[in-house]
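User: Please take a close look at one strand in this model and at the neighbours around it. I would like the cut-offs stated wherever a term depends on them.

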Amino acid sequence: MIKDPTISVIMPCYNESSRIAESVRSVFNQTFSSLELIVVDDGSKDDSLEVLERLSKRYEGLRFHSQPNQGAGPARNRGLREARGQYIAFLDADDSWHLECLEKLLVRLESSPDAVLAYCGWQNKGLSVNRCKPFVPPDHEQPGKIETLLRGCPWPIHAALTRRAAIDAAGGFNEKWTSCMDYDLWLHVASFNKIVRVPEVLAYYHHHAGEQITKNRLRIARNHSCIQRQFLSEFPEIKKSLGRRKTREIVEGELLHRGYLSYWQRDLTTAHSLFRQVL
């Protein structure tokens, strides 16, 4: 086990015994090796713990902990408490990285000592062909960055490497959110600090049939809106600078957009609820 790892990778796990081995392999296949992987099993009901026990014998940099089911936010916070690295990366138990992901993000971040976060492009896996095209996000470190970040989560949770100090300053994950907790964290980390980009696709987001159910889509939309509103309440100077019209466009416009998407996907229950909320 590396005594003083540079990067701590934090991975929550809930009933992922069939997929977690691939994600763990993705971590230890990285070209950058000064790292540790902390897996927090969040009360899995399958044999995830047995799989982790076997994996820990294969990968000496893997540590795992178990806790009663509390959700992804508390699991990631547990991982943060156990982490020893000065840089933090998050990877879910069913996603993966390009083998040079951490190395390239770290090189970019260390080349800008005043930056707290480096992000990269990503690609969906397991969806229709037209929804699995590689995507490289724009350079967000531009005038109007806060407005851009407010409009939506700028990258998946595993498409970024962050200085530990910046996450600590933001207070980690707000455990009241049952979804979108990474969006809340990125808002607090990236809005007031410099961020940098690696314009390459280095992260892979794996989708699995049956997971996108109505109640999840609705909960995500509502949590996203609540996070926007709470952030603006915390920083009223931002709301004032945007103005009432722009603020409504950002917050209520996003709900309306999600309502239309749900409508055209024939998820009428979610669409109806979101349209009513906007009205």
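Analyst: In strand β1, the residues Ile-7, Val-9, Met-11 and Cys-13 point one way, while Ser-8, Ile-10 and Pro-12 point the other way, and all of them are buried, where buried means under 20% relative accessible area, exposed means over 50%, and partly exposed lies in between (1.4 Å probe, protein chains only). Such a pattern is expected, since in a regular strand the side chains alternate between the two faces of the sheet. The strand spans residues 7-13, and seven of its seven residues are buried; helices (H or I, at least four residues) and strands (E, at least two) are DSSP runs, numbered from the N terminus.

Some remarks on the basis of these values belong here. The model is predicted, so local features need pLDDT of at least 70 and side-chain atom pairs count only at pLDDT 80 or more, whereas totals for chains, interfaces and linings use all residues. Residues are numbered from 1 along each chain as its sequence is written, and side-chain values use heavy atoms, with hydrogens and water left out.

On one flank, β1 pairs in the parallel sense with β2 (residues 35-42) over seven bridges, two strands being counted as paired if DSSP finds at least two bridges between them. Within this pairing, Ser-8 has Glu-36 of β2 as its bridge partner. β1 also pairs in the parallel sense with β4 (residues 87-90), over four bridges, and there Val-9 has Ala-89 as its bridge partner.

The connection from β1 to β2 passes through helix α1 (residues 20-28), and the three make a right-handed β-α-β unit; right-handed here means that, with the strands pointing away from the viewer, the path from the first strand over the helix to the second runs clockwise.

In the wider setting, eight strands form an open sheet with mixed pairing, in the order β3-β2-β1-β4-β7-β6-β8-β5. Because β3 (62-67) and β5 (96-97) stand at the edges, each with a single partner strand, one side of each is left without a neighbour in the sheet. The parallel strands β2 and β3 are joined by six bridges, and Asp-42 has Gln-67 of β3 as its bridge partner.

Helix α3 (residues 72-82) lies across β1, β2, β3 and β4 and runs at about 145° to β2, with axes taken as lines fitted to C-alpha atoms, for helices over the stretch in contact, and angles running from 0 to 180 degrees between N-to-C directions; contact means heavy atoms within 4.5 Å.
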